[in-house]
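Please report on the structure shown here. Cover the chain arrangement, the nucleic acid contacts and the cysteines.

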Protein chains: 2
Amino acid sequence: MQNLPCPQTGADVSDYRIYTGNCIDILPDLPEKSAGLIFADPPYNLQLKQELYRPNQTRVDGVDDTWDQFASFESYDEFTRQWLNACRRVLADDGTIWVIGSYHNIFRVGKIMMDLGFWILNDVQWHKSNPMPNFRGVRFTNATETLIWAKKSENQKKYTFNHQVMKQFNDGKQMTSVWQIPLCTGKERIKDENGKKAHSTQKPEALLQRVILSSSNEGDLVLDPFLGSGTTCAVARKLNRRSIGIEQDPRYVEMAEHRLNGYLGSEQ
Amino acid sequence: MQNLPCPQTGADVSDYRIYTGNCIDILPDLPEKSAGLIFADPPYNLQLKQELYRPNQTRVDGVDDTWDQFASFESYDEFTRQWLNACRRVLADDGTIWVIGSYHNIFRVGKIMMDLGFWILNDVQWHKSNPMPNFRGVRFTNATETLIWAKKSENQKKYTFNHQVMKQFNDGKQMTSVWQIPLCTGKERIKDENGKKAHSTQKPEALLQRVILSSSNEGDLVLDPFLGSGTTCAVARKLNRRSIGIEQDPRYVEMAEHRLNGYLGSEQ
DNA sequence: TATAAAGGTGAATCCGCAC
DNA sequence: AGTGCGGATTCACCTTTAT
C-alpha cells in the first residue's frame with residue numbers, strides 16, 4: 001500500500017490494488033492506520049447451520065450433525081471479530097467504517113463492532129425500490145439492508161462527513177439515514193458467459209457512490225476487505241479515491257480486474 | 001391472566017390488565033405459553049453525554065430518564081437476556097414477538113434474541129416522516145427505528161400473519177418492511193399538568209395498529225412488558241384484543257390506566 | 001371566521017481549536 | 001484537562017397568536 005500512487009506524489013489519484021486471499025490473512029500485512037475509509041460487505045451464510053466454518057471460512061469436516069445452532073453463531077461471531085479487528089488496525093485514527101448486512105447477520109455484526117470499541121454514527125437503511133416480494137405471503141416484503149457507519153472510537157474527534165455534498169441527494173435538504181436505491185440490475189449487473197449473474201450480491205454503484213462521497217475526500221484510500229465483484233474499487237476510481245480490495249475467490253478477483261480495466265478503457 | 005375475559009367465554013374480548021413492577025419479576029408469575037403476541041419497547045440505553053441545542057439556541061429535551069441508564073454494555077446485555085427469556089416462557093408456541101429499538105441497542109437485542117432461540121421473521125423499519133434533524137450537520141438525520149419481528153423458534157410451524165389485512169397499508173400490494181409513520185405529536189401526545197410530554201418515548205398508535213393487526217387476531221392476548229404510556233393496551237383494546245401491560249413506574253401506570261379509562265368513556 | 005405569522009418540538013450517542 | 005470563543009448548523013409538523 002505504501003507503494004500506491006498518492007496525490008502528494010503526483011501519481012494517479014484514483015489508482016487501485018486488488019489482493020487475492022482471505023482478508024484476515026492479508027490485512028495484517030498492510031500498514032496500520034493507513035485507510036481513510038473502509039467499506040465491508042461480509043458474508044452472512046448463517047443458514048448453513050449444519051456446517052461449521054473456521055474463522056478463515058474453510059469448512060470443518062465431520063461434524064455435520066453434531067453442532068448445534070450456538071456453535072454456528074459462535075463461529076460466525078469469531079470470524080466477525082477477527083476481520084473487524086484486522087480492519088480496525090488498518091483504519092486511520094480519523095477514518096470511518098461502513099458495514100452492510102441484513103437481519104441474518106447485522107445484529108451480530110453491530111454488537112461485535114460496539115464491543116470492539118467502534119462508535120456508531122448512523123444506521124443507514126438501504127431502502128430497495130424494487131425488492132423481491134415474499135412470494136408465499138407469510139412475511140413482509142424484506143425491503144431493506146442495513147449499513148452501519150461507525151468511527152474508530154467514542155472519543156475520536158475528527159472524521160470526514162461531507163454534509164453539503166450529501167444534500168444534493170435530498171433536494172438540497174439534510175440527507176437522512178434512509179437511502180432509496182434500486183437493486184443492481186440491467187446493464188450494471190455483471191453476467192457470466194451463460195448470461196447468469198456473475199456475483200450473487202453485487203451492490204449497486206449508487207450505493208457505493210453515496211458511501212464514498214459522504215465520508216471520504218479525493219485522494220483518500222478506500223479499503224474493501226470483501227471486494228466481490230469490485231464495485232467499491234470501481235466507484236472509488238470514478239470518484240478519484242485510491243482503493244484497495246481484498247477478495248478470496250480468484251474468479252471474483254478476475255471479474256473485478258476485468259471490470260476496472262473496462263472502466264479504464266472506456267474512459268480513455 | 002387466566003381470569004382475563006376471553007372470547008370463548010363470552011366475556012369482553014378487549015379487556016386488559018396492568019401490572020405494576022419490573023417485568024423480570026412479574027413475568028414468571030404469569031402462566032407459560034399464554035400470550036399470542038408480545039410487543040416490547042425496552043430502554044434504549046442512549047448514553048446522552050451532553051446538552052444539545054438547536055441552531056436557534058433552544059435546548060433539546062432529550063431522554064435523560066434514569067430508567068434508560070445502564071452502567072455498561074454487559075449490564076444492558078444481562079438485563080436484555082433476562083426479560084427476553086421471561087417473555088419467551090410466556091409466549092405461546094404459535095406466537096410471535098416484536099421488539100423496537102434504535103442503533104444504540106437494537107444490535108445487542110437482536111443478537112441476544114438469536115442466541116436465545118428466537119427466529120427472526122423481519123426487521124421492520126419505522127421510517128419517521130418528521131424526524132428531528134441532525135442540527136450540527138455531522139451525521140445523517142437519524143430517520144428510523146428498527147422493529148425485530150420474530151417467532152419463538154426456528155422450527156415453529158404456525159404463527160399469525162394477516163397478509164391480506166396488511167395490503168391495505170400499501171395500496172393493495174404486499175406490505176413491505178418499511179413503515180412510514182409520523183412521530184407521536186399533537187393531541188395524541190399525552191401531556192402532564194404543565195403541558196410537557198408526560199412520557200419521553202410515547203409511540204404512535206399507528207405503529208401499534210400495524211403490529212397488532214398484522215400478527216394477531218381478535219380475542220388474542222397481547223403482552224407488553226414495558227407498557228410506558230399504555231399505547232399497546234390502548235390500541236389492543238380498540239382492535240378487540242385482550243392485553244396485559246407491565247410497567248415499573250407507578251406514574252406511568254396511572255397514566256396508562258387513565259388513558260384506557262378515557263377510551264372506555266369516550267366509546268360509551 | 002378565516003388566513004397568516006410566529007413559536008414550539010421530537011428516543012440525539014450532534015464542533016473544533018487555542019490557550 | 002478544563003475553559004473560552006469563533007463559527008457553522010435544522011425539518012416537518014402542530015399549536016398558538018396575530019391580523
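The report below takes these topics in turn.

**Symmetry**

This is a predicted model. Chain B superposes on chain A after a rotation of 179 degrees, with 0.0 Å of shift along the axis. The RMSD of that fit is 0.2 Å. The two copies are therefore related as by a two-fold rotation axis. Both copies use the same surface: 96% of the contact residues of chain B recur in chain A. Which residue of chain B comes closest to the rotation axis? It is B:Phe107, whose C-alpha lies 2.0 Å from the axis.

**Helix α3 of chain B**

B:Phe107 is also one of the buried residues of α3(B). This helix spans residues 106–116 of chain B and is mostly covered. Ten of its eleven residues are buried. Among them are B:Ile106, B:Val109, B:Ile112, B:Met113, B:Met114 and B:Leu116. The buried set also includes B:Arg108 and B:Lys111, as well as B:Gly110. After the helix comes B:Gly117, with a positive phi near 110 degrees.

**DNA strand C**

DNA strand C is surrounded by 40 residues. The closest are B:Gln47, B:Arg54, B:Tyr103, B:Arg136 and B:Arg189. Of the strand C atoms that come within 4 Å of the protein, sugar and phosphate account for 43%. The surface near this strand divides into 18 nonpolar, nine polar and 13 charged residues.

Bases of strand C take part in polar contacts with both protein chains. A polar backbone atom of A:Ile120 is 3.1 Å from a base nitrogen. A polar backbone atom of B:Pro42 is 3.0 Å from a base nitrogen. B:Arg139 uses its side chain: a polar atom there lies 3.0 Å from a base oxygen of strand C.

**DNA strand D**

How many residues surround DNA strand D? There are 16, and the closest are A:His163, A:Gln164, A:Lys173, A:Gln174 and B:Arg136. B:Arg136 is likewise listed among the closest residues to strand C. Sugar or phosphate supplies 58% of the strand D atoms within 4 Å of the protein, and bases supply the rest. The nearby surface has four nonpolar, eight polar and four charged residues.

Side chains of chain A reach phosphate oxygens of strand D. A:His163 does so at 3.1 Å, A:Gln164 at 3.0 Å and A:Lys167 at 3.1 Å. The table sets these beside the strand C contacts.

| Residue and atom | DNA atom | Distance |
|---|---|---|
| A:Ile120, polar backbone atom | Strand C, base nitrogen | 3.1 Å |
| B:Pro42, polar backbone atom | Strand C, base nitrogen | 3.0 Å |
| B:Arg139, polar side-chain atom | Strand C, base oxygen | 3.0 Å |
| A:His163, polar side-chain atom | Strand D, phosphate oxygen | 3.1 Å |
| A:Gln164, polar side-chain atom | Strand D, phosphate oxygen | 3.0 Å |
| A:Lys167, polar side-chain atom | Strand D, phosphate oxygen | 3.1 Å |

**Cysteines**

How many disulfides does a search of the whole structure find? It finds zero over all chains. Two cysteines of chain A illustrate the point. For A:Cys87, the closest cysteine sulfur is in A:Cys23, 6.0 Å away, so the pair is too far apart for a bond. A:Cys87 is buried, with a relative accessible area of 1%. For A:Cys184, the closest cysteine sulfur belongs to A:Cys233, at 16 Å, which is also too far for a bond. A:Cys184 is buried as well, with a relative accessible area of 3%.

Notes
Residues are numbered from 1 along each chain as its sequence is written. Chains are lettered from A and ligands numbered from 1 in the order in which they are written. This is a predicted model: local features need pLDDT of at least 70, side-chain atom pairs count only at pLDDT 80 or more; totals for chains, interfaces and linings use all residues. Side-chain values use heavy atoms; hydrogens and water are left out. Copies are superposed by least squares on the C-alpha atoms of residues with pLDDT of at least 70 in both. Contact means heavy atoms within 4.5 Å. Buried means under 20% relative accessible area, exposed over 50%, partly exposed in between (1.4 Å probe, protein chains only). Helices (H or I, at least four residues) and strands (E, at least two) are DSSP runs, numbered from the N terminus. A residue is near a molecule or strand if one of its heavy atoms lies within 4 Å of it. A polar contact is a pair of N or O atoms within 3.5 Å; within protein, one must be able to donate a hydrogen and the other to accept it, and residues adjacent in sequence count only if both atoms are side-chain atoms. Ala, Val, Leu, Ile, Met, Phe, Trp, Tyr, Cys and Pro count as nonpolar, Asp, Glu, Lys and Arg as charged, and the others, Gly among them, as polar. A disulfide is a pair of cysteine sulfur atoms within 2.5 Å.
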